[in-house]
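Me: I am new to this one and would like to understand the terms as we go. Could you walk me through it?

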Amino acid sequence: MSATGIGAAVRRKEDHRFITGQGRYTDDINRPGQAHAYFLRSPHAHATLDKIDTKAAAAMPGVLGIFTGDDLTADKVGGLICGWMIHNKDGSPMRAGPHPALAQGKVRYVGDHVCVIVAETLAQARDAAEAIVVDYGVLPAVVDTASAAGAKTVVHAEAPDNTVFNWHLGNKDATEKAFKAAKHVTKLDIVNNRLVPNPMEPRAAVGDYDDGEGAFTLYTTSQNPHVARLVLSAFIGIAPENKLRVVAPDVGGGFGSKIFIYAEETVCVWAAKKVRRPVKWTSDRTEAFLSDAHGRDHVTHAELATDADGKITALRVHTTANLGAYLSTFSSSVPTYLYAPLLSGQYDIPAVYAEVDAVYTNTAPVDAYRGAGRPEATFVVERLVEVAARELGKDPAKFRMQNYIKKFPHQTPVIMMYDTGNYAASMKKALEIIDYKGIGKRKRDSARNGKLRGIGFSSYIEACGIAPSAAVGSLGAGVGLWESAEVRVNPVGTVEVLTGSHSHGQGHETTFAQLVSGRLGIPIENVSIIHGDTDKVQMGMGTYGSRSGAVGMSAIFKALDKVIAKGKKVAAYVLEADEADIDFADGHFKVKGTDRTLDFGSCALQAYVAHKFNGQDLEPGLKEGAFYDPTNFTFPAGVHICELEIDPETGITRIERWAAVDDFGIVINPMIVEGQVHGGIAQGVGQALLEGARYNADGQLVTASFMDYCMPRADDLPSFDVGMTVTPCPSNPLGIKGCGEAGAIASPPAVINAITDALGHEDIAMPATPQAVWRAAQKSIKRMAAE
Amino acid sequence: MTTVSLTVNGKAVSANLDPRTLLVQFLRENLRLTGTHVGCDTSQCGACIVHIDGKAVKACTTLAVSLDGASVTTIEGLAANGTLHPMQEAFREHHGLQCGFCTPGMIMSAVDIVNRRGSVLDEKTIREDLDGNICRCTGYHNIVKAVAAGAQAMGASSAPARQAAE
Amino acid sequence: MYAFTYHRPATARQAAGLLAKKEDAKILAGGHTLLPTMKQRLASPSALIDLGACADLKGIVRKGRNVVIGAMTTHAEVAESAIVQEAIPGLAWLASHIGDPHVRHRGTIGGSVANNDPAADYPAALLALDATIVTNTRKLGAEEFFTGLYETALEEGEIITRISFPIVSKASYAKFRNPASRYALVGVFVAKRGSDVRVAVTGAGESGVFRWPEAEAALKARFAPKSLDGLKATAKGINGDMHADPEYRAHLIGVMAKEAVARATGK
């Protein structure tokens, strides 16, 4: 392993600009003559828009334009789209209502976009917004997930019972049979709490229009600028792709919420042409709470069947998923194909059946948030397994190991073909790290101090990469999920790599450069990674689903193969040898069995000066591109163990220890991978203990700022013990599985299993706030006293 | 309009401002020092932390016109003559950042902690004193490590901690 | 924010003069409540009178059996003050736990007391220590000063100049923080002065800070955490929200009171 190649903890190349305040985020961009947009948002969860009177506002100082949904329609600007078609059990397509960028006739959630005001300054735009008179015909709101289906109030006429789809997966008959034959059945009712992603950088957009070229530029906080351009061009109709450039510069975190194509960037880029000025919008945090796509929000009943030996024989689930007021870009895929196919977990379960009903409500749209469907599935499986072990009087670690899949490949009853893994190895390592043998003593020590200590397990599996394209296409995806790469070698041997994988914290500028540096044998400083600009990078699918390593880097790997192959041809001319006799290693082309070599930089120069070969026989230049479409999903898996202590007097839960052992396949940069695990765990602990978006019965978001929505802070968390096991992924050339979401997927059930262990098996809902834990602890103490 | 004269990163600055102008707006929009960020509306996230007369404050909750005669240091003013501040170096070395958005505020807060508490910091103190800074990426694990290491490096460097921050 | 005019007087007297002259003027102290409120356009003063340059409103002195703190003294200055740490360490402890370090660098005791946020920390200290609030026109006891949620006895044009705390034999504070906002969900300040004991509760009351007579009586008998065993605050008059309902808050009052007594007695 070289100091900068694959496996090295290379310090990040991108850090210098961030630690010196020179990062360039969308809100840092200011275009000459820029105007500011302010969105007037609905204060009501559900209302008809009877009249929007903008006359007085339009005459106010600095106002350049006020636009409503009618203006978009007049310009033939289409609505926002949902890119994944789900079919009902009966084969009919899902029922979706339109999703206009600016409301037409009706508003459907608090924060919905009534109209936009463009003015010289933001203050002037806000002043004008206050002068707009809107006549709302306030309607009752549907808010509750569980009772939305069939409610009297209808969110979209297209879905008269508020149901977007009734979908299912798995083998119903076999599952029912297995439950009938079961020795024991474990049952749980689960609410997977609604979350707000809250990347620290709020969304922003700057739209620009060049009249001379008839071309638009959109600077935006996007995880996938090419997909944004595709949707804005082909579906929304802003401009043809060759006349629309989308730039996603430094992006301050996404966690899914910046995958989607929102109303605000659509309107900003369109309005730039209307007012003939660049138009900027930057979300404030309250707007982010109201209008960023939320995550999770499932209500589930789940059952697990076991036989007399404690072998799991079947699992069945009914889930209602709240998709909010409109279908966001990938919303329909989250509670379906990103959820149910993971319900087999790490376990050999012969029969699995899942039913999912998706509902409309008068709340913000719900879409993918770190993990997207897989945390929900893992929570169901790992809570069921933990409770089953307790009910059967079995050690939860041993019960898991008994039921782990041990032979690979393994076909689950729910689509997935797990390619490789060693689940017991991760469990054993995690048990060692946490010192499972000493837990009894630690529990007694806590009890002596009046505290309750608990330990909780989570054996998670996830499916990453989200490909091959043909497979996701057959499941309803509107796009292919490959990735592209282009490797440009400059005449002096420095390299630019253009990738469709956007980096917004993941460190691609370092890890991707490690791959290139290692393979070409050139210093890492000589490699630049370029992403996030549709004018530079041809086409790419972006960053989500832990796919950048497995898919994005594999595309680079493929392009590097081509670069090396071409380099061999050039070297053969220069070294006057047969191409078949040229080897490439450690940055040198070498004629086999001789000491004649050509270093990579010299080869590049020879490729461009082209003096040593005939341009008809070999094209000059050294630049290669590749598209990589994986052959399967990847399956990162691992075991997280949480140990915590509860103060029954206050209900405060302190996480004391955390062991995480993950199998991500081959790791490019362990420092960055561990960082991803840490961040994921923090978000999962946030879900389990702190975070929960709450709407009241009128559809007002009562957690609309950090004053009420509890973000994890440094003193809410411990340091984490992170370990790894490795089974290389067989479906991509690098053996990478992906690591971005694992922590967020694994951690919520580990926390809740630990709390319920400490409390003596009381169920508790997420977030397990001090108040909820206190109440549960009081009940436990009373019950234990009675026993 | 109100006139204000202050020092920003060692340079004298005068401006005639609408009194509504927040320090963070003045830095970002007037001076184009965009390293200071805005991450919330409720004075909680700490992405906007700068030093005023050597003390960490929230630039989103301070009127620029109230700083007549004050000395402001932003993330852009922390490195001296092209040499990174030990705390900046520690964040890089210990992978204390991912997306980088909270980072300037984190680093300015971290330097302030050392100024107040000295260069030997335990994990508990660091975690408690980062109460006013929210990070969504790192889970704080590596930030805590970076702050401890940066504090140590500040203690070891010849310049007194407070001076290093100015 | 809506537009306003900005004034920066050099003395409290000048400030009072401006306040009398300008209609709809507001005093700007540390600004950590007022500015966020104005940013959200929930307040629209026509003028702001910034006390930041009033040197006569700053500083901490010991005067006989009292510690006197200027209204524009920041939380950090109170927390770090050798005078406060020596005379009333519980007050320094409270100041060192307000908000976060950045808030403590700007937020002031006068601003906090004048705002009387029901979840603020200082009101509990003032009430339990029987502090005197000195304004540009008069002196007020804490008991008569705090009149309700965000309400005080301050009259139009009146400015707090300093707060005088009697030095007591034992005092401390404990707080249970709102997990999200970090304000006091429940905060309890206990103070023993001679044979008198006062227990003041913030964060929990439907009408702001209040005293807890039952706990005071129990602690008068013996000033020890054990004296509060089995004592429960009533949930009546206690506020509830999604973070804590009245029953849980009432329970926490007892827990925090014990913790405060333990801290005050070094146990």
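Reply: Gladly! Let us begin with a term: a salt bridge is a side-chain nitrogen of Lys or Arg within 4 Å of a carboxyl oxygen of Asp or Glu. This is a predicted model, and across the interface of chain A and chain B that rule finds five salt bridges.

Me: What makes Asp28(A) and Arg28(B) a salt bridge?

Reply: Their side chains come to 2.7 Å, N to O. The cut-off is 4 Å, so the pair of Asp28(A) and Arg28(B) qualifies.

Me: What else is there between chain A and chain B, and which elements of chain A touch chain B?

Reply: There are 28 residue pairs in polar contact, both residues at pLDDT 80 or more. On the side of chain A that touches chain B, helix 1 (15–19), helix 8 (285–291) and helix 17 (670–690) each give two or more residues. Helix 17 of chain A has the largest share, eight residues.

Me: How many residues does each of these chains bring, and how much area do chain A and chain B bury?

Reply: Chain A brings 52 residues and chain B 43. Between them they bury about 4,000 Å², with 55% of it on carbon and sulfur atoms.

Me: How much area do chain B and chain C bury between them?

Reply: About 2,300 Å², of which 57% is on carbon and sulfur atoms. In chain B, the residues that lose the most area to chain C are Arg20(B), Thr61(B) and Asp131(B), together 25% of what that side buries. Three salt bridges are counted between chain B and chain C.

Me: Why is the pair of Asp131(B) and Arg177(C) called a salt bridge?

Reply: The closest N and O atoms of Asp131(B) and Arg177(C) are 3.1 Å apart, and the rule asks for a distance within 4 Å, so the name fits.

Me: Why can one say that Glu645(A) and Arg453(A) tie together parts far along the sequence?

Reply: Glu645(A) lies in strand 26 (residues 637–647) of chain A and Arg453(A) in strand 18 (residues 452–461) of chain A, so the pair joins parts 192 residues apart in sequence. The closest N and O atoms of this salt bridge are 3.6 Å apart, and both Glu645(A) and Arg453(A) are buried.

Me: Is Glu89(B) buried, exposed or partly exposed, and why?

Reply: Glu89(B) is partly exposed, because its relative accessible area is 32%, and that class runs between 20% and 50%. Arg92(B), at 23%, counts as partly exposed for that reason too. Glu89(B) forms a salt bridge with Arg92(B), with the closest N and O atoms 3.4 Å apart. Both sit in helix 2 (residues 86–93) of chain B, three residues apart, about one turn of the helix.

Me: What makes a group of residues a nonpolar core?

Reply: The members are buried residues of kinds such as Leu, Trp, Val, Ile and Phe, joined through side-chain atoms within 4.5 Å. The largest core here has 224 residues, and those with the most contacts inside it include Leu343(A), Trp658(A) and Phe91(B). Its largest share, ten residues, comes from helix 18 (residues 742–759) of chain A. A second, separate core of 48 residues includes Leu520(A) and Phe584(A).

Me: How do you know that residues 1–170 of chain C have an annotated domain?

Reply: That comes from an unreviewed UniProt entry, which annotates those residues as "domain: FAD-binding PCMH-type". In the model, the span is 35% helix and 24% strand, and its end C-alpha atoms lie 44 Å apart.

How values were computed. Residues are numbered from 1 along each chain as its sequence is written. Chains are lettered from A and ligands numbered from 1 in the order in which they are written. This is a predicted model: local features need pLDDT of at least 70, side-chain atom pairs count only at pLDDT 80 or more; totals for chains, interfaces and linings use all residues. Side-chain values use heavy atoms; hydrogens and water are left out. Buried means under 20% relative accessible area, exposed over 50%, partly exposed in between (1.4 Å probe, protein chains only). Helices (H or I, at least four residues) and strands (E, at least two) are DSSP runs, numbered from the N terminus. UniProt positions are given in the numbering used here, feature names are shortened, and annotations may be inferred rather than shown by experiment. Contact means heavy atoms within 4.5 Å. Buried area is the accessible area (1.4 Å probe) that two parts lose on being put together, summed over both. A polar contact is a pair of N or O atoms within 3.5 Å; within protein, one must be able to donate a hydrogen and the other to accept it, and residues adjacent in sequence count only if both atoms are side-chain atoms.
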